[in-house]
Amino acid sequence: MSVRGVLRLGEMQIRVLDMAAAKQHYGTRMGLHEMMTDDDGLVYYKAWAEQDHHSIVLRESDSSGLDHLAFKVYNDATLDELEKGIIDFGIAVEKIEAGIYPKSGRRLKFTLPTGHEMHLYAEKVQVGNSMGTLNPGVLPDEGIVRGFRINGLDHCFIVGPNAKQNLKLFTEVFDFNFTERVCDPDGNELLMFVSCSSRAHDIAFGENPEPGLLHHASFRLENTQDHVHAADLIGKYSIPVEMNDRHGVTQVKTVYYFDPSGNRNEVFVDGYLYYPDSPLLTWTIDNLAHAAFSQSLRVPESFLGTYT
Ligand SMILES: [Fe+2]
């Protein structure tokens with residue numbers, strides 16, 4: 001498989017209650033690189049290894065949560081193809097001109113069946129990862145990889161009503177692969193994981209009566225040593241931890257923690273390689289402990305019911 005079409009989760013705009021506290025969390029402690037502040041006070045970050053200008057945008061608000069999520073697609077023609085598919089699916093699409101979102105080409109903006117604002121875009125200013133493209137070596141200069149040593153924004157988990165319609169949109173229109181699911185005793189999907197890459201998921205959906213909620217934003221680490229290092233820093237800074245365990249679903253080694261506004265973050269490492277001929281994996285809800293946290297077999301109540 002070559003990735004042409006939807007490439008990756010390229011951006012999340014997250015609402016925070018206190019920008020100073022959020023900048024300490026995402027910048028100083030997690031080690032994301034602050035790229036700019038716009039005229040409205042939104043603050044833009046990238047992980048060191050990302051080539052594009054930013055992947056996380058923070059907006060101060062009186063409520064926490066997710067303003068929008070945005071996937072980057074291969075090229076402008078892909079946007080035209082997907083626009084038609086979204087409209088045929090029955091979802092209205094707003095066309096946003098280039099430059100309205102800073103450093104970004106034109107976007108398609110629409111609302112997912114779960115109530116989340118989603119964008120698709122093909123262009124964002126590339127600033128590189130500091131290593132250049134000619135004889136780049138394997139490591140950036142000292143000080144570039146810092147904090148939690150996060151390589152990049154990876155995926156998000158969103159919850160809302162009509163989650164199965166999200167599944168249908170992503171698999172039938174966006175050409176994602178359905179990789180794993182957690183089902184009730186009647187076989188109805190409660191949690192759904194889909195992939196547009198060789199990873200086990202690029203986004204996940206959960207059924208929930210209230211629309212537009214964020215379960216977590218997830219960041220990718222390089223290796224197990226970095227995972228231990230990140231967990232040590234989470235402890236050093238007394239950042240609230242929900243779990244440090246391994247998921248049965250996707251097989252990633254994970255740490256869940258909260259930003260100062262109560263938004264759930266995850267850092268993870270590992271997980272299996274997914275290919276389009278990989279079989280759909282099914283977990284039953286009576287086996288949720290193995291599906292969710294396969295080392296401790298303990299699922300905190302907060303993990304199933306705390307969203308922003
Ligand atoms: Fe995750």
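In the predicted model, H155 has a relative accessibility of 1% and therefore counts as buried, the limit being under 20%. This histidine takes part in a metal site: the iron ion has as its protein donors H155 through NE2, H216 through NE2 and E266 through OE, lying 2.1 Å from the ion. Along the sequence, the spacing of these donor residues follows the pattern H-x60-H-x49-E. Because H155 belongs to strand β9 (residues 150-160) and E266 to strand β16 (residues 264-270), the pair ties together parts that are 111 residues apart in sequence. E266 is likewise buried, its relative accessible area being 0%.

Aromatic contacts were examined next. A pair of aromatic rings is described by two quantities, the distance of the centres and the angle of the planes. Across the whole structure, eleven aromatic pairs are found. One of them joins F170 and F176 in an edge-to-face arrangement, with 5.0 Å from centre to centre and 85° between the planes. F170 is buried at 0% relative accessibility, and F176 is buried as well, with a relative accessible area of 3%. Both residues belong to one aromatic cluster, which is formed by F71, F110, F170, F174, F176 and F205. A contact of another kind involves R107, whose charged end sits over the ring of Y121 at 4.7 Å from the ring centre.

Empty space within the fold was then considered. Rolling a probe the size of a water molecule over the atoms shows where such space is left. The largest pocket holds about 370 Å³ of space. Its lining comprises 25 residues, and those nearest the centre are F157, L191, F193, F303 and L304. At least two lining residues come from each of β9, β11 (189-195), β13 (213-221), β15 (252-258), α5 (288-292) and α6 (301-305). In terms of residue class, this lining contains 17 nonpolar, six polar and two charged residues.

The second largest pocket contains about 320 Å³ of space. It is lined by 15 residues, with R8, A49, E50, L153 and R220 nearest its centre. Two elements, β1 (6-16) and β9, give two or more residues to this lining. The greatest contribution is that of β1, which supplies four residues. The lining of the second largest pocket divides into five nonpolar, five polar and five charged residues. Strand β9 thus recurs in the description: it holds the iron donor H155, and it supplies residues to the lining of the largest pocket and to that of the second largest pocket.

Notes: Residues numbered from 1 in each chain as written. Predicted model: local features only at pLDDT ≥ 70, side-chain atom pairs only at ≥ 80, totals over all residues. Heavy atoms only, no water. Donors = N, O, S within 2.8 Å, 3.2 Å for Na, K, Ca; no water. Buried < 20%, exposed > 50% of the residue type's maximum accessible area, 1.4 Å probe, protein only. Phe/Tyr/Trp six-rings, centres within 6.5 Å; stacked < 30°, edge-to-face > 60°. Lys NZ or Arg CZ within 6 Å of the ring centre and 35° of its normal. 1 Å grid on protein atoms, 1.4 Å probe; cavity = no way out; pocket = protein on both sides within 12 Å on 5 of 7 lines; lining within 4 Å. Points joined across faces, edges and corners; volume = space filled by probe spheres on them. Nonpolar A, V, L, I, M, F, W, Y, C, P; charged D, E, K, R; others polar.
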